[in-house]
Amino acid sequence: MNDERVNIKTAVYLRVSTEDQAKEGFSIAAQKEKLTKYVEVNDWVLYDYFIDDGISGKNIKDRPELTRLIELVKKKEINNILVYKLDRLTRSVKDLINLIELFDQYDCSFSSVTEKLDTSNAVGRMFIKIIGIFAEFERENLAERVSFGYEEKTRQGNYTNTNGVYGYDYIAGKGDLVINEEEAELVRLTYQNYLSGKAMISIAKDYNLRHVPTKRGGDWSQSTIQSILTNETYLGKVRYGVNKNIKNKAFIVESDHEPIIDEYTFKKVQNMIKKRKHFNIKKFPSENAYFSMVLKCSKCGARFHPKQQTHNGKLYITYYCNNKQTDKCECGGISHTKVLNVFEDYIKDLILDCSIDIAPSNKQNKKSDKLNKELLTLETNRKRIQKLFINKEIDTSDYKELLQDINTQKEQIISSINALNKEQETIIDYSHFKDILCNVKLNWEQLDTEQRSSFITQFIDVIELDVNNGNPTIKELTFC
């Protein structure tokens, strides 16, 4: 035995997440007994037991004992960490590699009894990474097998979401959907309200004002109402992949649960949704709403988004606080014209320091980088909620709502990126913009719509806007 591995302070880490693991010999007591004997056989000094009971190994967050262990490693109070099996520490190869590198940085070795691994040498470190790769591969394989199992069960007419759907209760053990009469009445009312002409967001606001909870006790939003109005489950059917990026696998089949909505009403609602969608969604040049990228609500801090209407062939743009439609903010909508008027009033007597040189700033690049990072974050979040759904940790309605929110945000970001790219393609005379800045009011009036859009994108960072009784006020305007 290597003398360097004798009398070292060893931390014993134990974790178990399910009763099934306990039955298979992974219980805390079983791990503790074997690891204690292993410490004694190797003449190590037992520092302490670190036990995370009932916690998943998918990530290293929210594990208080692992956090405590890492802190002690950083203080160099521990020389060695011992686990019964590699997946007791983590099931993620990324987390595994990060932890091993952290342990190595603070001269702490890592040992696994089952895999006979010891990171005090290079060979042990290599094998532990290889095993981690295969462990993650198996976990991803398992997720695919679970997804395939859901698909086959759905094809047989079974409802596979154990959390149920609004209007029904899921009977555990049987896999049946039984009508929840109180919720079902609200589902029918939702269809009636929409057919009577009420907008989805208006219906959601009404339910929130009445303090009616969603299936999971949350607030109603446009997306939750839409999920009810477009869900074939209420026809006595089950579906698979309809709202996922697997359109080639999507299908709807008959089931044996009792319907809440009849076919005629459902089809009538779908036709109305299509008509409203066709009527409302109109494309217009982004430069017309040139304030949308810089407007910020002074009440809640959210950004404004633009919407457009046409009347007698004329375009009207209105800016809305992103938190307004779910009643999280009391800020009202405001027209582009009014925003333009208060902006021009604000800059009328504005005096800027024109002694500085104006050169092509990297604001656009920074904005583009920030937007691309936000896209990557959204993609990470999409994969995360997809795994949560596969693992039955969220129900279908929540999954759809979260996914729709992500897709909406992605569309807005991509639109902003395209606008920035268009700006970058334009050759800008910065000496000309310096002249404009030095006498903003006079020169602003000479700019056309596209030039104004370029100017705001390049030189204005934030316009903090307050709206009261239809009247906007600029609280603060920040130049880059």
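Okay, so before anything else, a word on naming: helices and strands here are DSSP runs, numbered from the N terminus. With that in hand, here's a spot to look at: D107 sits in the loop between α5 and β4, where β4 covers 109-112. And keep in mind that what you're looking at is a predicted model.

Let's zoom out for a moment. The chain has 480 residues, and 41% of them count as buried. You'll find 16 helices and 15 strands in there. If you take the contacts in the chain with a separation of 6 or more, 64% come from residues 24 or more positions apart. As for the outside, the accessible surface comes to about 26500 Å², and carbon and sulfur atoms own 49% of that.

Right, back to that loop, starting with the helix that leads into it. Helix α5 runs over residues 93-105, so to speak 13 residues, and spans 18 Å from its first C-alpha to its last, close to the 18 Å expected at 1.5 Å a residue. Which residues of α5 are buried? They are V93, D95, L96, L99, I100, L102 and F103. Then, just after α5, we hit D107, with a positive phi of about 55°. Most residues other than glycine have a negative phi, and D107 is a residue other than glycine. Is D107 buried or exposed? It counts as exposed, because its relative accessibility is 57% and the cut-off for exposed is over 50%.

There's another case like this further along. H211 isn't a glycine either, and its phi is positive, at about 60°. Where is H211? Look in the loop between α8, residues 200-209, and α9, residues 222-229. H211 is exposed too, with a relative accessible area of 71%.

Next, helix α6, residues 122-155, which is where I130 is found. I130 belongs to a nonpolar patch on the surface, together with V123, M126 and F127, and the patch has about 350 Å² of accessible area. Why does I130 count as partly exposed? Because its relative accessibility is 33%, and partly exposed covers what lies between 20% and 50%.

Now some strands. Strand β6, residues 168-171, is joined to β7 by four bridges, and the two run antiparallel. Within that pair, Y168 stands opposite I179 of β7. Strand β7 itself, residues 176-179, has alternating side chains. L177 and I179 point to one face and are buried, while D176 and V178 point to the other and are not.

One more sheet, and this one is open, with three strands in the order β11-β12-β13 and antiparallel pairing. At the edges stand β11 (304-311) and β13 (334-335), each with a single partner strand, so one side of each is left without a neighbour in the sheet. β12, residues 314-321, pairs with β13 over two bridges. If you want to find that pairing on screen, Y319 stands opposite I334 in β13.

Last stop: helix α11, residues 336-347. How far apart are its end C-alpha atoms? They're 16 Å apart, which agrees with the 16 Å that 12 residues should span at 1.5 Å a residue. The buried residues in α11 are H336, V339, L340, V342, F343, E344 and I347.

That's the tour, thanks.

Conventions: Residues are numbered from 1 along each chain as its sequence is written. This is a predicted model: local features need pLDDT of at least 70, side-chain atom pairs count only at pLDDT 80 or more; totals for chains, interfaces and linings use all residues. Side-chain values use heavy atoms; hydrogens and water are left out. The expected span of a helix is 1.5 Å times one less than its number of residues. Buried means under 20% relative accessible area, exposed over 50%, partly exposed in between (1.4 Å probe, protein chains only). Patches are made of residues with over 30% relative accessible area and no salt bridge: like charges are joined within 9 Å, nonpolar side chains (Val, Leu, Ile, Met, Phe, Trp, Tyr) within 5 Å. Accessible areas come from the Shrake-Rupley method with a 1.4 Å probe; for residues, only the protein chains shown count as cover. A salt bridge is a side-chain nitrogen of Lys or Arg within 4 Å of a carboxyl oxygen of Asp or Glu. Two strands pair if DSSP finds at least two bridges between them. Contact means heavy atoms within 4.5 Å.
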